[in-house]
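I opened this notebook to record what I looked up in one protein structure. The entries begin with the whole chain and then turn to a single residue.

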Amino acid sequence: MIFDIEVEISLKEGMLNPEAKTIENSLGLLGYKVENTQTLNIITFQIEGESEKEVEGKVDDMCQRLLCNPVIHNYKITINSK
């Protein structure tokens, strides 16, 4: 079975996010007052597996080993079967 995967990666609370701060400051210069700006990375791909549980384990392992740094990132996995 083929599964569509989406991994949403964000910085943990309290981590410095210079990209978000730059966006916030730039919007302020344009006259838009925004606060608590955050940025996300979203990675999508397809993977084959026997079950959603098996695929979730594989994707979690991918996140832990390569896609993010669990020390500074949070991640959320969304799985949809085709």
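Entry 1, contacts. I note at the outset that the model is a predicted one. I looked up how far apart in sequence the contacting residues lie. Among contacts in the protein with a separation of 6 or more, 71% are between residues 24 or more positions apart.

Entry 2, secondary structure. I counted 2 helices and 3 strands in the protein. Their order along the sequence is β-α-β-α-β.

Entry 3, overall dimensions. I found a radius of gyration of 16 Å for the protein, whereas a compact globule of 82 residues would have one near 12 Å. The C-alpha trace spans about 50 × 25 × 15 Å along its principal axes.

Entry 4, surface and charge. I read that 23% of the 82 residues count as buried. The protein exposes about 6100 Å², and carbon and sulfur atoms supply 51% of this area. I also looked up the charges: the protein has 8 positive and 14 negative ones, and their mean positions are 3 Å apart.

Entry 5, one residue. I chose glutamate 24, which lies in helix H1, residues 18-29. Why does glutamate 24 count as buried? Its relative accessibility is 16%, and buried means under 20%, so glutamate 24 falls in that class.

Entry 6, its surroundings. Leaving aside residues up to four places away in sequence, I found that glutamate 24 touches Val34, Glu35, Asn36 and Thr37. With asparagine 36 I could be specific: the side chain of glutamate 24 reaches the backbone nitrogen of asparagine 36 at 3.3 Å.

Notes. Residues are numbered from 1 along each chain as its sequence is written. This is a predicted model: local features need pLDDT of at least 70, side-chain atom pairs count only at pLDDT 80 or more; totals for chains, interfaces and linings use all residues. Side-chain values use heavy atoms; hydrogens and water are left out. Helices (H or I, at least four residues) and strands (E, at least two) are DSSP runs, numbered from the N terminus. The radius of gyration is taken over C-alpha atoms; the globule rule is 2.2 Å times the number of residues to the power 0.38. Buried means under 20% relative accessible area, exposed over 50%, partly exposed in between (1.4 Å probe, protein chains only). Contact means heavy atoms within 4.5 Å. Accessible areas come from the Shrake-Rupley method with a 1.4 Å probe; for residues, only the protein chains shown count as cover. Lys and Arg count as positive and Asp and Glu as negative; His and the chain ends are not counted. The place of a charge is taken as NZ of Lys, CZ of Arg, CG of Asp or CD of Glu. A polar contact is a pair of N or O atoms within 3.5 Å; within protein, one must be able to donate a hydrogen and the other to accept it, and residues adjacent in sequence count only if both atoms are side-chain atoms.
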